[in-house]
There are 2 protein chains.
Amino acid sequence: MGAVLRRHGYKLTRQRRAVIEAIIVSQDRLTPAILYAKVHQDHPDIGVVTIYRTLEILAELALVCELHGGTACHRYVIGQPEQHHHHLICSGCSLVTDFTRHDFSALERSLARQSRFRIDGHLLEFFGLCPACQEKQSGP
Amino acid sequence: MGAVLRRHGYKLTRQRRAVIEAIIVSQDRLTPAILYAKVHQDHPDIGVVTIYRTLEILAELALVCELHGGTACHRYVIGQPEQHHHHLICSGCSLVTDFTRHDFSALERSLARQSRFRIDGHLLEFFGLCPACQEKQSGP
DNA sequence: CTGCTTGCAAACCCTTTGCAGTCCC
DNA sequence: GGGACTGCAAAGGGTTTGCAAGCAG
């Protein structure tokens with residue numbers, strides 16, 4: 001991940017390394033605030049501003065992917081570049097599962113034909129409860 | 001729309017009437033700010049706070065539907081209750097077209113089976129350019 | 001009349017910006 | 001050593017809240 005930064009002319013600083021590591025380690029959807037908290041634990045000297053600026057760069061390079069929808073907008077997950085994917089988001093624990101299987105090109109073409117829109121992209125997210133949270137709910 | 005409010009025990013005040021009318025008249029996606037501007041034109045005495053509080057109620061009663069994604073989160077459109085629909089959003093003029101044709105139940109079932117999630121809902125939005133904005137773009 | 005609603009103002013986020021000092025390369 | 005990067009603090013924008021006054025039912 002850091003290599004990509006370098007390749008695009010960004011410097012790989014201690015702070016950016018810390019932010020990237022925190023993102024990789026965690027599997028959750030991360031808000032800037034959550035990410036800041038995680039980074040701040042090990043590196044109390046890193047400020048929120050750096051989190052925002054780093055996230056901006058990572059999003060620009062598609063190393064991270066911005067989520068919308070649900071109760072909290074502006075969340076980020078690690079994004080596989082060159083691979084469009086959708087998300088399955090747990091309302092209980094915020095676990096995010098990617099799925100790439102579904103192909104929307106047929107639907108997109110038919111929509112474009114009928115609406116005369118030029119379609120550039122889409123956003124698809126499913127909401128629900130992951131297995132663990134389902135158990136918690138039905139359990140004690 | 002007002003009747004539904006009443007039915008749920010909310011009072012139908014002059015302010016709420018104004019907000020509802022503004023929503024119905026406009027076909028765009030509305031941010032609280034835009035809606036406030038529209039309402040404020042005819043009713044300079046109505047404050048932003050009322051916009052927020054009214055939107056909250058309307059969203060709760062599913063009379064209005066919250067959109068996410070794109071550059072501006074937190075936008076609202078009139079929502080047909082009892083009818084799940086998706087949106088086709090123009091990046092140029094913010095025109096929103098609904099489409100309800102596509103059926104996701106099959107995809108949802110297969111996703112649920114494979115991920116073991118209990119799927120409660122989804123959000124699907126397409127982005128692109130409407131016919132008018134395509135012409136503007138290719139024109140002078 | 002009674003209690004829900006409202007508007008104002010202030011509080012409160014979250015995010016961005018300006019600037020002087022710091023550090024990567 | 002130079003320019004990109006950082007942290008601080010402050011500004012900025014959007015949203016929420018407390019409170020006294022107002023109005024629907």
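Okay, let's start with one contact: a polar side-chain atom of Thr13(B) sits 2.8 Å from a phosphate oxygen of DNA strand C. Keep in mind that this is a predicted model.

Two other residues of chain B do something along those lines. For Gln15(B), a polar side-chain atom lies 3.1 Å from a sugar or linking oxygen of DNA strand C. For Arg16(B), the distance from a polar side-chain atom to a sugar or linking oxygen of DNA strand C is 3.0 Å.

So where do the residues around the strand come from? Helix H4 (48–60) of chain A, plus helix H2 (14–25) and helix H4 (48–60) of chain B, are the elements that each give two or more residues to the surface near DNA strand C. Which one gives the most? That's H4(B), with three residues.

Now zoom out to the whole set. There are 18 residues around DNA strand C, and the ones that come nearest are Tyr52(A), Thr13(B), Arg16(B), Thr50(B) and Arg53(B). On the DNA side, sugar and phosphate make up 70% of the strand C atoms that come within 4 Å of the protein. As for the kinds of residue on this surface, we've got seven nonpolar, five polar and six charged.

Let's finish over on chain A. Remember Tyr52(A), from the list of nearest residues? Together with Val48(A) and Val49(A), Tyr52(A) makes a nonpolar surface patch of about 260 Å². Val49(A) belongs to helix H4 of chain A. Is Val49(A) buried, exposed or partly exposed? Its relative accessibility is 45%, so Val49(A) counts as partly exposed.

That's my tour, thanks for listening!

Technical notes: Residues numbered from 1 in each chain as written. Chains lettered and ligands numbered in written order. Predicted model: local features only at pLDDT ≥ 70, side-chain atom pairs only at ≥ 80, totals over all residues. Heavy atoms only, no water. Near = heavy atom within 4 Å. Polar contact = N/O pair within 3.5 Å; in protein donor to acceptor, adjacent residues only side chain to side chain. Helix = DSSP H or I, 4+ residues; strand = E, 2+ residues; numbered from the N terminus. Nonpolar A, V, L, I, M, F, W, Y, C, P; charged D, E, K, R; others polar. Patch = residues over 30% accessible without salt bridge, like charges linked within 9 Å, V, L, I, M, F, W, Y side chains within 5 Å. Areas by Shrake-Rupley, 256 points an atom, 1.4 Å probe, with all protein chains shown as cover. Salt bridge = Lys/Arg side-chain N within 4 Å of Asp/Glu carboxyl O. Buried < 20%, exposed > 50% of the residue type's maximum accessible area, 1.4 Å probe, protein only.
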